[in-house]
Amino acid sequence: MDKNFQEEFTQIIKFEPPLYKQRHQFVKDLVEKYKPKKVADLGCADCSLLWMLKFCSCIEVLAGLDISASVMKEKMHMLSPLPVDYLQPSERSLTVTLHHGSVAHKDPCMLGFDLVTCIELIEHLEESELKKFPEVVFGFMAPSIVVISTPNSEFNSLLPRVMLYRHPDHKFEWSQAQFQSWALETARCYDYSVEFTGVGHPPAGMEKVGFCTQIAVFVRKYPQTSESVQSEKPMEAVYKTVFKAVYPSLKDEKYLQNAVINEVIFTAQIIKHCLMSKREEYGDDSERKSKFQPSMDCFSDYLGKPVVEKNMEPFISGNEVYVPLKTIFSFPKVNRLCGTFEKLCKLIAGKVTLSSDGSAVMFNIEQENEEN
C-alpha cells in the first residue's frame, strides 16, 4: 500500500525485488496453489494487486474495496479490457468491480468469495474499525482463505528513518507476538486455522527480528452454510460501486460466434491456399486440374494435426474451391471452440458462404481474382 514511502526508508536494507512486489507475488503464488474463482482485495488502493491477479486464469471474479475513492479512480483504468481482449476473447469469463467503502461495514456484494486479501491494511484502521474487522471478514464474508499482511514492528529498528511507525497514517504496528496473538484468537473465534510467514528477510545473524512484513494465512475449517450467510445478509448495500468491467469471453455467445467464424474462414483460407499451390504443380494439365484433391497431410503444418485423420477431402472444381465443414471441424482449434459439429453449423449459418447443400465453405477463384 505504501510503496513510495517504503522506497525512502529502505536505502540501507534494500529488498530485491521491492517489498510490495514480494507481497503481491506471495498472493499470486497462493492463487496458483488454491485456484480460487472469486477474489476480493480489501484496501486495494492503487489496484496494482488486482491488476496482477486479473492475469490468473483461474479467477473469474475480482473485487476491490477501499476507503479512498480518489486513489482507486486514479488507477482503475488499468483494469479495463484492452483491444486485444476483444480481438482474442478468453475462454474464461472475468468481471472486475471496485467498491468505495469501509471494511468495518457489511455489504452483500462481498459475499461468496473464495479468497480475501488484506495486504498492509489493518494497521490503517482505527481501534473501533479494527474491532469490527474480524466479524465483517471472518464472520460475515467467511471466505475459504484470508491473507493478512502487516508491518513487523520488531524490524523497525533496522530501518533508520523510522521513528515510531513506517507511515504517517498507521494507527499501530504490531510485534510478531502481538500479531500472532490477535490472529490466533480470531481464528479460534471463527473456526479457521492459521499459519504465519512473511516477506523481507532480516540480515544474516538477526533472524530473531523476523520478516519485515509478517503474513497470516487463514483457512476456514468448515464450509459455510447457506443458512448462516442468509441470516447475516444486510438488506441494503452500503458500498458505492465506482468501477465495473466485464471482459469479453467465449462463454458469451456473440464473442464465441465471432471467434468461430474467424477461425472457420482462416482455416478454409489456409486449405484453399494449399490447394492452389499444389494445383500449380500440375502445370497446364487442365483435365487433372479440373477436379483436384490433395492429401489432408499437406494442411497439418499450418493448422495442427486433425482430430480425424481422414474426412471429406477439400477439392477444386472449375473456378470454385470447396472445403467441407467436416474437414474444418476436424482441426483442433475449431473443434475445441465448437464442441459439436451441430454447433459449428449453427454458429456460422448465414455468416459464411457455403455450397448449395450447406456442407462446405465455398470460394469463387475467378471472383476473388477480379476483386484483387
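Reader: Is glutamate 60 buried, partly exposed or exposed, and what is its relative accessible area?
Author: In this predicted model, a residue counts as buried under 20% relative accessible area and as exposed over 50%, with partly exposed in between. Glutamate 60 falls into the partly exposed class, and its relative accessible area is 22%.

Reader: Which residue meets the side chain of glutamate 60 in a salt bridge?
Author: Glutamate 60 lies in the loop between helix H3 (48-53) and strand E2 (61-66), while its partner belongs to the loop between strand E8 (240-246) and helix H9 (253-280), so the pair ties together parts that are 191 residues apart in sequence. That partner is exposed, with a relative accessible area of 56%. The two side chains meet at 3.4 Å, N to O, and the partner of glutamate 60 is lysine 251.

Reader: Where does arginine 23 lie, given that its side chain meets that of glutamate 120 in a salt bridge?
Author: The side chains of arginine 23 and glutamate 120 meet at 3.6 Å, N to O. Glutamate 120 sits in the loop between strand E4 (115-119) and helix H6 (127-141), so its pairing with arginine 23 ties together parts that are 97 residues apart in sequence, and arginine 23 itself lies in helix H2 (residues 19-34).

Reader: Are glutamate 120 and arginine 23 buried or exposed?
Author: Buried means under 20% relative accessible area. Glutamate 120 and arginine 23 both belong to that class, which is to say that both are buried.

Reader: Which helix holds both glutamate 127 and lysine 131?
Author: The side chains of glutamate 127 and lysine 131 meet in a salt bridge of 3.9 Å, N to O, and both residues are exposed. They stand 4 residues apart, about one turn of the helix, and that helix is H6.

Notes: Residues numbered from 1 in each chain as written. Predicted model: local features only at pLDDT ≥ 70, side-chain atom pairs only at ≥ 80, totals over all residues. Heavy atoms only, no water. Salt bridge = Lys/Arg side-chain N within 4 Å of Asp/Glu carboxyl O. Helix = DSSP H or I, 4+ residues; strand = E, 2+ residues; numbered from the N terminus. Buried < 20%, exposed > 50% of the residue type's maximum accessible area, 1.4 Å probe, protein only.
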